[in-house]
Amino acid sequence: MLLHGWGFNSALFSHLVDAYKNQYRITLIDLPGHGRSANVDGGLNEWCNEIIKILPNNPILLGWSLGGLLAINIANKIKISQLILLASTPKFIKDNDWNYGIDVNNFEQFSNTLQLDSTQGLKRFISLQTDNKAQLKSLKHSIDTLPASPNALAQGLAILLKSDLRKPLKQLTIPVQVILGERDTLVPIAIIKWYTMHNISITRLNTGHLPFLHPDFELSII
């Protein structure tokens, strides 16, 4: 099961699906209020409970960015076989006891800019993440065609702002794999220290917040 991030939809993973569809059974979903999915009242738990309803048995969960938070939370609710986090973290916001996040003021400026015109903001964002013209064209088309609802955008930002899933992530006994971009401006590469401290497998790529678009990206399924 692939879980995308804030403001996007499952079409974001089209390149990934093409690369792995002959090896694995892949399930795609649009997060609540994103793409073709209806809004769901509530926050992190309510979103995850809706996703759980359509999960296959004992799935591998892959979550990118906001999708990573959802995947961590789901992994603490039901049995899954493996967790893969792409450019994600158990806590996105920096505070007194967490140096591996983004400053809350910077985050709010970033989110406010995107909310003013989410479609154009997301397209500008992905333009900074890849130079591949075919990928950019496909991603921009999916953003234009299936924009997220204002309600879902607000809910997703609240999840990013408030969630702290460090303890739930540390409690997992399943294999966890993390893939990070060295030039990611939202998930600092320094978080490698924390993941290493907790014996979590890490791959780092010379890229930004969309590591799965990098030519060297490779999934390691256990």
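In these legends, contact means heavy atoms within 4.5 Å. Helices and strands are DSSP runs, numbered from the N terminus. Please keep in mind that every view shows a predicted model.

**View A. Helix 3 and its surroundings.**
Let us start with helix 3, which covers residues 66-75. How many of its residues are buried? The count is 10 of the 10, so helix 3 is largely enclosed by the rest of the structure. Among the buried residues you can find Leu-66, Gly-67 and Gly-68 at the start of the list, and Asn-73, Ile-74 and Ala-75 at its end. Which elements do these buried residues pack against? Their partners are strand 1, helix 2 (44-52), strand 2, strand 3, helix 7 and helix 8.

**View B. Strand 3 beside strand 2.**
Strand 3 spans residues 82-86 and is mostly covered, with five of its five residues buried. Try following the side chains along the strand: Gln-82, Ile-84 and Leu-86 point one way, while Leu-83 and Leu-85 point the other way. Both sets are buried. In which sense do strand 2 and strand 3 pair? They run in the parallel sense, and five bridges join them. To find your place in the pairing, look for Gly-63, which stands opposite Leu-85 of strand 3.

**View C. Asn-9 in its loop.**
Asn-9 belongs to the loop that links strand 1 (2-3) and helix 1. Is Asn-9 buried or exposed? Its relative accessible area is 2%, which is under the 20% limit, so Asn-9 counts as buried. Two polar neighbours of its side chain are worth finding. The backbone nitrogen of Ala-11 is 3.0 Å from a polar atom of the Asn-9 side chain, and the backbone oxygen of Leu-146 is 3.4 Å from a polar atom of that side chain. Leaving aside residues up to four places away in sequence, Asn-9 touches His-4, Asp-30, Gly-35, Ser-142, Ile-143 and Leu-146.

**View D. Ser-10 in the loop.**
Ser-10 also sits in the loop between strand 1 and helix 1. With a relative accessibility of 13%, Ser-10 falls under the 20% limit and is therefore buried. Which residues does Ser-10 touch, not counting those up to four places away in sequence? You should be able to pick out His-4, Leu-28, Ile-29 and Asp-30.

**View E. The largest pocket.**
Here we turn to the largest pocket, which holds about 280 Å³ of space. Its lining is made of 17 residues. Nearest the centre of the pocket are Met-1, Tyr-24, Arg-25, Ile-26 and Ile-60. Helix 1 (14-20) and strand 2 (60-64) each give at least two residues to this lining, and helix 1 has the largest share, with three residues. What classes of residue line the pocket? The lining has 14 nonpolar residues, two polar ones and one charged one.

**View F. The largest cavity.**
A search of the whole structure turns up two cavities of 30 Å³ or more. The largest cavity contains about 150 Å³ of space. Of its 16 lining residues, those closest to the centre are Ser-65, Phe-110, Leu-160, Leu-186 and His-209. Helix 4 (104-116), helix 5 (118-127) and helix 7 (150-162) each supply at least two lining residues. Which helix gives the most? Helix 4 does, with three residues. By class, the lining has 13 nonpolar and three polar residues, and no charged ones.

**View G. The second largest cavity.**
The second largest cavity has about 40 Å³ of space. Around it you will find Gly-7, Ser-118, Thr-119, Leu-122, Ile-143, Pro-147, Ala-148 and Leu-153. Helix 5 provides the largest share of this lining, three residues. Five of the lining residues are nonpolar and three are polar, with no charged residue among them.

**View H. Lys-170 and its neighbours.**
Our last stop is Lys-170, found in helix 8 (residues 166-171). Its relative accessible area is 47%, so Lys-170 counts as partly exposed. How far apart are the C-alpha atoms of Lys-170 and His-198? The separation is 7.0 Å, although the two residues are 28 residues apart along the chain. Not counting residues up to four places away in sequence, Lys-170 touches Trp-194 and His-198.

Notes. Residues numbered from 1 in each chain as written. Predicted model: local features only at pLDDT ≥ 70, side-chain atom pairs only at ≥ 80, totals over all residues. Heavy atoms only, no water. 1 Å grid on protein atoms, 1.4 Å probe; cavity = no way out; pocket = protein on both sides within 12 Å on 5 of 7 lines; lining within 4 Å. Points joined across faces, edges and corners; volume = space filled by probe spheres on them. Helix = DSSP H or I, 4+ residues; strand = E, 2+ residues; numbered from the N terminus. Nonpolar A, V, L, I, M, F, W, Y, C, P; charged D, E, K, R; others polar. Buried < 20%, exposed > 50% of the residue type's maximum accessible area, 1.4 Å probe, protein only. Polar contact = N/O pair within 3.5 Å; in protein donor to acceptor, adjacent residues only side chain to side chain. Pairing = 2+ DSSP bridges.
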